[in-house]
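Thank you all for coming. I would like to take a few minutes to walk through one structure, going slowly for those who have not seen it before.

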Amino acid sequence: MSASDLPRKEANVLRGHEGAVLAARFNGDGNYCLSCGKDRTIRLWNPHRGIHIKTYKSHGREVRDVHVTPDNSKLCSCGGDRQVFYWDVSTGRVIRKFRGHDSEVNAVKFNEYASVVVSAGYDRSVRTWDCRSHSTEPIQIIDTFLDSVMSICLTKSEILAGSVDGTVRTFDIRIGREISDDLGQPVNCISMSNDGNCILASCLDSTLRLLDRTTGELLQEYKGHICKSYKLDCCLTNTDAHVTGGSEDGFIFFWDLVDASVVSSFRAHSSVVTSVSYHPKDNCMITSSVDGTIRVWKT
């Protein structure tokens with residue numbers, strides 16, 4: 001894929017949130033997206049047609065993250081009210097609220113079977129919750145972090161988490177092993193490559209770092225954007241050819257994965273770009289911003 005194939009044309013602007021949009025994520029097949037924000041709501045959209053489908057309201061504070069199951073039937077969310085919400089997508093009802101975090105919750109993810117929700121919080125812990133049980137207690141608590149846990153990724157058998165303590169930690173759930181890679185800078189977002197071999201970490205020294213998942217070796221660093229005080233998402237394009245991420249000045253950057261050169265950068269928003277989500281199959285991306293909009297980008 002050449003630089004000319006990167007999604008740089010604005011196809012749609014999704015408006016409706018009142019205040020900052022903190023995250024926008026494609027669902028599994030890329031046909032829909034979910035967003036969440038300062039206005040305490042989660043919104044479901046068809047980004048390709050620019051249509052708002054549904055709003056989910058129950059959180060008492062800002063909503064920081066949202067994730068949907070592979071079959072699109074349930075979603076989980078978290079935020080400033082310290083709770084993890086488990087929702088029915090079609091009815092918009094909250095099925096369960098998981099309580100246990102002592103402070104704001106930064107990130108949530110379903111496992112691939114949608115049976116478990118994993119959450120990460122300011123209380124320096126990662127917690128796992130059983131969606132099928134009526135218990136609201138966590139089934140596991142990982143509290144070896146020395147500072148706030150900002151971001152999580154899941155594989156079939158592992159939980160990966162990035163923390164302000166400067167580490168990316170990998171927990172093998174089956175054998176109970178923890179591996180810690182110290183990046184020496186606060187980590188505010190992690191994302192896995194599509195081939196599963198690498199982890200991309202956004203650090204608060206305005207640098208993205210690519211790590212080899214097996215060895216922990218630092219493979220590459222990506223610079224040019226501003227990331228000093230906000231949680232900014234980063235990810236790889238669906239071919240793993242480019243790295244992309246937002247910037248606090250409203251720009252989006254694309255870097256060449258291998259040589260880390262800036263292939264493209266452009267002003268996407270009038271304020272901080274809080275998240276980037278790349279379509280699983282097509283050259284399409286959605287971005288969210290403190291400016292209150294979600295923007296859809298195509299080639």
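Let me start with a question: does Arg209 count as buried or exposed, and at what relative accessibility? Before I answer, please keep in mind that what you see is a predicted model. Arg209 has a relative accessibility of 7%, and because buried means under 20%, this residue counts as buried. Its partner in a salt bridge is Asp205, with the closest N and O atoms 2.7 Å apart, and Asp205, at 27% relative accessibility, counts as partly exposed. These two residues do not stand alone, since salt bridges that share partners join Asp205, Arg209, Glu221 and Lys223 into one network.

In general, side chains of opposite charge can pair when their charged atoms come close. The count of salt bridges in this model comes to 15, and I would like to show you two others among them. One joins the side chains of Asp233 and Arg25, at 2.5 Å from N to O. Asp233 lies in the loop between strand 21 and strand 22, whereas Arg25 belongs to strand 2, so this pair ties together parts that are 208 residues apart in sequence. Asp233 and Arg25 are both buried. The other is the salt bridge between the side chains of Asp39 and Arg43, at 3.5 Å from N to O, and here too both residues are buried.

From the loop that holds Asp233 we can move on to strand 22, which covers residues 234-236 and pairs with strand 23 in the antiparallel sense over three bridges. Within this pairing, Cys235 has Thr244 of strand 23 as its bridge partner. The hairpin that these two strands make has five residues between the strands, and Asp240 there takes a positive phi near 65°.

On to strand 23 itself, residues 242-246, where five of the five residues are buried. In a regular strand the side chains alternate between the two faces of the sheet. Here, His242, Thr244 and Gly246 point one way, while Val243 and Gly245 point the other way.

Strand 23 also runs antiparallel to strand 24, residues 251-256, and five bridges join the two. Thr244 appears again in this pairing, now with Phe254 of strand 24 as its bridge partner. Strand 23 and strand 24 form a hairpin as well, with four residues between them, and in its turn Gly250 has a positive phi of about 90°.

Notes
Residues numbered from 1 in each chain as written. Predicted model: local features only at pLDDT ≥ 70, side-chain atom pairs only at ≥ 80, totals over all residues. Heavy atoms only, no water. Buried < 20%, exposed > 50% of the residue type's maximum accessible area, 1.4 Å probe, protein only. Pairing = 2+ DSSP bridges. Salt bridge = Lys/Arg side-chain N within 4 Å of Asp/Glu carboxyl O.
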